[in-house]
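Colleague: Thanks for sitting down with me over this one. Could we go through the labels and check what stands behind each of them?

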Amino acid sequence: MYIPRLTIITLIFMVMATLYSQEFTDLFPDDVITDVQPMTGMVYWDNSGDHQTDVISLEFSYMLFDHVVKDSGVYNWDEVESKLNAIASRNHQAIFRFRYVYPGYETSVPDYILQRDDYHETVGKSEGKETHFPDWTNEELKRFTLEFYTRFAQRYDHDPRLAFIQVGFGLWA
């Protein structure tokens, strides 16, 4: 029978991999690792006390839309610049995630949108915490989001201080 043979072969490979995996890890004990390979390794938070090291090359940071934009079309990139400069001063690159939602917090939707009559956030529980959620039906929020990422890309597209930007919508986008 074909299926049992395939199952037996798979199990043999799994047992062999388990038996020999320890031998491969012994080849590279932790105390001989002297450098980070590109695109691998750990990423620390930018506000971690452990980021002053050369064993990492990337630092992760949440960013808030309302820290950059207070009024329609008015952008203040100072906080972005400050984080990028601090991370670069440690010879690392940044990974930014601009977020609207986080469990237990209000949104980071800019104030001028929050104050609109046609904008209506919802509040619910996420991870047992009262959490605010954006009004994704609001046309100004949609327009702003596109404008924001367009301007961010125009400004930082070739900036060597920035490795990645995580983009998405929803709670863990």
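Colleague: Which residues in α3 meet which residues in α5?

Modeller: Bear in mind that this is a predicted model. In α3 they are Val-80, Glu-81 and Leu-84, and in α5 they are Phe-152, Arg-155 and Tyr-156. The residues of this contact divide into 4 nonpolar, no polar and 2 charged.

Colleague: Why are α3 and α5 called oblique to each other?

Modeller: Helix α3 spans residues 78-89 and helix α5 residues 139-156, and their axes cross at roughly 40 degrees. Angles under 35 degrees would count as roughly parallel, and 65 to 115 as roughly perpendicular. The crossing angle falls in neither range, so the two helices are oblique to each other. Their axes come within 13 Å.

Colleague: Is that crossing left-handed or right-handed?

Modeller: Right-handed: that is how α3 passes α5.

Colleague: What makes a set of residues here a nonpolar core, and which residues have the most contacts inside the largest one?

Modeller: The residues must be buried, of nonpolar types such as Val and Phe, and joined through side-chain atoms within 4.5 Å. The largest such core has 25 residues, and those with the most contacts inside it are Val-80, Phe-96, Phe-98, Phe-144, Phe-148 and Phe-152. At least two residues each come from α2 (65-68), α3, β5 (93-99), α4 (111-114) and α5. The largest share, 6 residues, is supplied by α5. In soluble globular proteins, nonpolar side chains tend to be buried together.

Colleague: What is Phe-144 in contact with, leaving aside its neighbours within four places in sequence?

Modeller: Phe-144 is in contact with Phe-65, Val-69, Tyr-75, Tyr-100, Pro-110, Tyr-112 and Ile-113. Contact here means heavy atoms within 4.5 Å.

Colleague: Why does Glu-127 count as exposed?

Modeller: Its relative accessibility is 55%, and the cut-off for exposed is over 50%. Glu-127 therefore counts as exposed. Glu-127 lies in the loop between β6 (122-126) and β7 (129-133). Its C-alpha is 8.2 Å from that of Gly-104, 23 residues away in sequence.

Colleague: And for the whole chain, how many helices and strands are there, and what percentage of residues count as buried?

Modeller: There are 5 helices and 8 strands, following the pattern α-β-β-α-β-β-α-β-α-β-β-α-β along the sequence. With under 20% relative accessible area as the cut-off for buried, 33% of the 173 residues count as buried. Among contacts with a separation of 6 or more, 63% are between residues 24 or more positions apart.

Key
Residues numbered from 1 in each chain as written. Predicted model: local features only at pLDDT ≥ 70, side-chain atom pairs only at ≥ 80, totals over all residues. Heavy atoms only, no water. Axes fitted to C-alpha atoms, helices over the stretch in contact; angles between N-to-C directions. Helix = DSSP H or I, 4+ residues; strand = E, 2+ residues; numbered from the N terminus. Parallel < 35°, antiparallel > 145°, perpendicular 65-115°, else oblique. Left-handed = near helix turned anticlockwise from the far one by under 90°. Nonpolar A, V, L, I, M, F, W, Y, C, P; charged D, E, K, R; others polar. Buried < 20%, exposed > 50% of the residue type's maximum accessible area, 1.4 Å probe, protein only.
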